[in-house]
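Trainee: I would like to take a close look at a single part of this model and then follow its surroundings outward, one element at a time. Could you go through it slowly, keeping to what can be read from the coordinates?

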Amino acid sequence: MTLLDSALFYAGRGWHVFPCLAGLKTPATRHGWHDATTDPDRIRAWWQANPNYNVAIATGPSGLFVIDIDPGAEAEWAKLVASDAGLAMALQDTYAVQT
């Protein structure tokens, strides 16, 4: 799967995507996440200009909430989740990604 394919897949889920510079988290568009879209034509144009752009998702417009757990903090996170039944329940139907 190419980066373009990934961007189109996410957009198809209703997630607003935008390109970042290859290998970086720096937005590749003038307005950064404000340029995020689900429009497949705009997405194709970005990745045709540079197929190596990273794919970024604008979480707010996409209705997503992200919790970033840095390496070494996993035990503390697990302890927090174990101590809060409501949090544990809310996290049952979530995505987990390791980068």
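Where is D35 found?

Mentor: Before anything else, please keep in mind that this is a predicted model. D35 is found in the loop between β1 and α2, and with a relative accessible area of 12% it is buried, because buried means under 20% relative accessible area. Leaving aside its neighbours within four places in sequence, D35 is in contact with V17, T29, R30, R42 and W46. Among these contacts, R42 deserves a separate word, since D35 forms a salt bridge with R42 in which the closest N and O atoms are 3.7 Å apart. The two partners are not covered to an equal degree: D35 is buried at 12%, whereas R42, at 34% relative accessibility, counts as partly exposed.

The search for such pairs gives a count of two salt bridges, and the other one joins R44 to D41, with the closest N and O atoms 3.6 Å apart. R44 and D41 both lie in helix α2, which spans residues 40-49, and they are three residues apart, about one turn of the helix. Here R44 is partly exposed, with a relative accessible area of 34%, while D41, at 55% relative accessibility, counts as exposed. As a general remark, side chains of opposite charge can pair when their charged atoms come close.

Helix α2 also holds I43, and this residue shows another side of the surroundings: I43 is buried, with a relative accessible area of 0%. Leaving aside its neighbours within four places in sequence, I43 is in contact with L4, A7, L8, A11, V17, T37 and T38. For one of these partners, A11, the C-alpha atoms of the two residues are separated by 8.7 Å although they are 32 residues apart along the chain. V17 appears in this list and also among the contacts of D35, and that leads us to the strand in which V17 lies.

Strand β1 covers residues 17-20, with V17 and P19 pointing one way and F18 and C20 the other way, and all of these residues are buried. β1 pairs with strand β2, residues 54-57, in the antiparallel sense over four bridges, and within that pairing the bridge partner of P19 in β2 is V55. V55 is met again from the side of helix α1, residues 3-12, which is the place of S6: leaving aside its neighbours within four places in sequence, S6 is in contact with M1 and V55. At 15% relative accessibility, S6 counts as buried.

We can now turn to the aromatic side chains, for which a search of the whole structure finds four aromatic pairs. In one of them, the rings of F9 and Y10 have their centres 5.8 Å apart and their planes at 65°, so the pair is edge-to-face, given that planes over 60 degrees apart are classed in that way. Y10 also forms an aromatic pair with W15, and this one is stacked, at 5.8 Å centre to centre with 25° between the planes. F9, Y10 and W15 thus form one aromatic cluster, within which the accessibility varies from residue to residue: F9 counts as partly exposed at 44%, Y10 is partly exposed with a relative accessible area of 26%, and W15, at 13%, counts as buried.

To finish, we can follow the chain to the region around α3 and α4. F65 is found in the loop between α3 (59-62) and α4 (74-83), and at 74% relative accessibility it counts as exposed. Together with I67 and I69, F65 forms a nonpolar patch on the surface, and the three have about 320 Å² of accessible area together. The place of E74 is in helix α4, where E74, at 46% relative accessibility, counts as partly exposed. E74 and S62 are 12 residues apart in sequence and 26 Å apart in space, C-alpha to C-alpha.

Key
Residues numbered from 1 in each chain as written. Predicted model: local features only at pLDDT ≥ 70, side-chain atom pairs only at ≥ 80, totals over all residues. Heavy atoms only, no water. Phe/Tyr/Trp six-rings, centres within 6.5 Å; stacked < 30°, edge-to-face > 60°. Buried < 20%, exposed > 50% of the residue type's maximum accessible area, 1.4 Å probe, protein only. Patch = residues over 30% accessible without salt bridge, like charges linked within 9 Å, V, L, I, M, F, W, Y side chains within 5 Å. Areas by Shrake-Rupley, 256 points an atom, 1.4 Å probe, with all protein chains shown as cover. Salt bridge = Lys/Arg side-chain N within 4 Å of Asp/Glu carboxyl O. Helix = DSSP H or I, 4+ residues; strand = E, 2+ residues; numbered from the N terminus. Pairing = 2+ DSSP bridges. Contact = heavy atoms within 4.5 Å.
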